[in-house]
Amino acid sequence: MLHAVIMAGGAGSRFWPESRDARPKQLLPLAGDRSMLQATVDRLESLVPVERIVIATRASLAGAIAEQLPELPAAAILAEPCQRDTAPCIGLAALWVSRHDPEATMVVLPADHAISPAEAFREAITYAASLVDKQPRRIVTFGIKPSYPAESFGYIERGEPLGSAPGTMPTFQARRFREKPKAEVAREYLAAGTFYWNSGIFVWRAATILDALAKHQPEMLAHLRRIAAAFHEPDFAAVLEREFTAIRPVSIDYAVMEHATDVAVIEAPFSWDDVGSWQALGRLATQDAAGNTIHGKHLGIDTRGSIVRAADGHLIVTIGLNDCLIVHTPDATLVADKHCEEQVRQIVKLLREKGWTEHL
């Protein structure tokens, strides 16, 4: 059976001041009327029933997630005591899933991606699961055909095409995974025509990923297995706290994907955006005649290419601005060059240094 693991523990610091520690971007309606997390669950409708969905998140978000997704069983939220990157998160979820279904196939996906149309996404996941059914040791991922030389995405270099029946999606052997490149290297990848953006979406057997962790991250898996042994025990919370905090943080790409040999990459038949910064809203939302992306009450004079977001009916007036970012919330306002993505991420660190935790 197909199970879904949704990773929803990120901080979303590039979306400050709307994204806060207690309500990060995956819990915000940035790309529609539903939150990013709710939209992710919505895309799984008719593909994975709610009783086979697991949300992996940090403990501080468990209550808010339960409020947003009341249809999910309480046990579906795996609340981690601290952040240890994606490999421990996925490993713990795989142990949970395999405990209930030893032959389970998992689709692993982040909670903060914008994907459409949903039907194409579901067809792609179904096709990926069929590839895993044919070769249970195989790992399947999705590559996004790049439209510009992005420096903020990881890349997958494709190899030889895999034989497929007529009408199926272009599928290749993955040659190697590349980290986020410098601009010059990203341009080379784009020109080569054999590189995809790494979507961060995977389909595999739970047993396969656990075997990979046993081979490449045995110490991590030992901690995770001690947690799994206590899943339904009275001292589970104490075991989880002790064992999970002892794990060294590592991403699934470093822990597994860079070592994997049987990886298939499907050219995604859906549009995708990882919604990694405020500029993503300019790609996803409707723009006015001057190229502005507006959410809320705004009056602009000679304002072009800007992103303006106003909360609670607050009026924002702009005059003579180009390529600016203005985000107003009840207790904080951000005004920036919209291209300064990394500097926005630094705000959280600087606020902590000043002790202004009320804005976090």
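Of the 360 residues of the protein, 53% count as buried, where buried means under 20% relative accessible area, exposed over 50% and partly exposed in between, with a 1.4 Å probe and protein chains only. What you have open is a predicted model, in which local features need pLDDT of at least 70 and side-chain atom pairs count only at pLDDT 80 or more, while totals for chains, interfaces and linings use all residues. Residues are numbered from 1 along each chain as its sequence is written, and side-chain values use heavy atoms, with hydrogens and water left out.

**The whole protein**

Begin with the full C-alpha trace, which spans about 60 × 55 × 35 Å along its principal axes. A cartoon view brings out 11 helices and 17 strands, which are DSSP runs numbered from the N terminus (helices H or I, at least four residues; strands E, at least two). Contacts, meaning heavy atoms within 4.5 Å, can be sorted by separation along the chain: of those with a separation of 6 or more, 67% are between residues 24 or more positions apart.

**Helix α1**

Next, select residues 36-43, helix α1, where 6 of the 8 residues are buried, so the helix is largely enclosed by the rest of the structure. Colour M36, L37, Q38, T40, V41 and R43 to see these buried positions. To find what they pack against, add the strands β1 (2-7), β2 (53-58), β4 (105-110) and β5 (114-116), together with the helices α2 (62-68) and α4 (118-134).

**Strand β10 and its partners**

Move on to residues 263-267, strand β10, which is mostly covered, with 4 of its 5 residues buried. Two strands pair if DSSP finds at least two bridges between them, and β10 can be viewed with two such partners. With β6 (residues 139-144) the pairing is parallel and has 5 bridges, and here V140 stands opposite A264 of β10. With β8 (residues 171-178) the pairing is antiparallel and has 3 bridges, and there F172 stands opposite V265 of β10.

**Strand β15**

Finally, select residues 315-319, strand β15, and show the side chains. In a regular strand the side chains alternate between the two faces of the sheet. In β15 the covered face holds I316 and T318, whereas L315, V317 and I319 form the uncovered one. Adding residues 297-301 brings in β13, which runs parallel to β15 and is joined to that strand by 5 bridges. Which residue stands opposite I319 in β15? Selecting I301 shows that partner.
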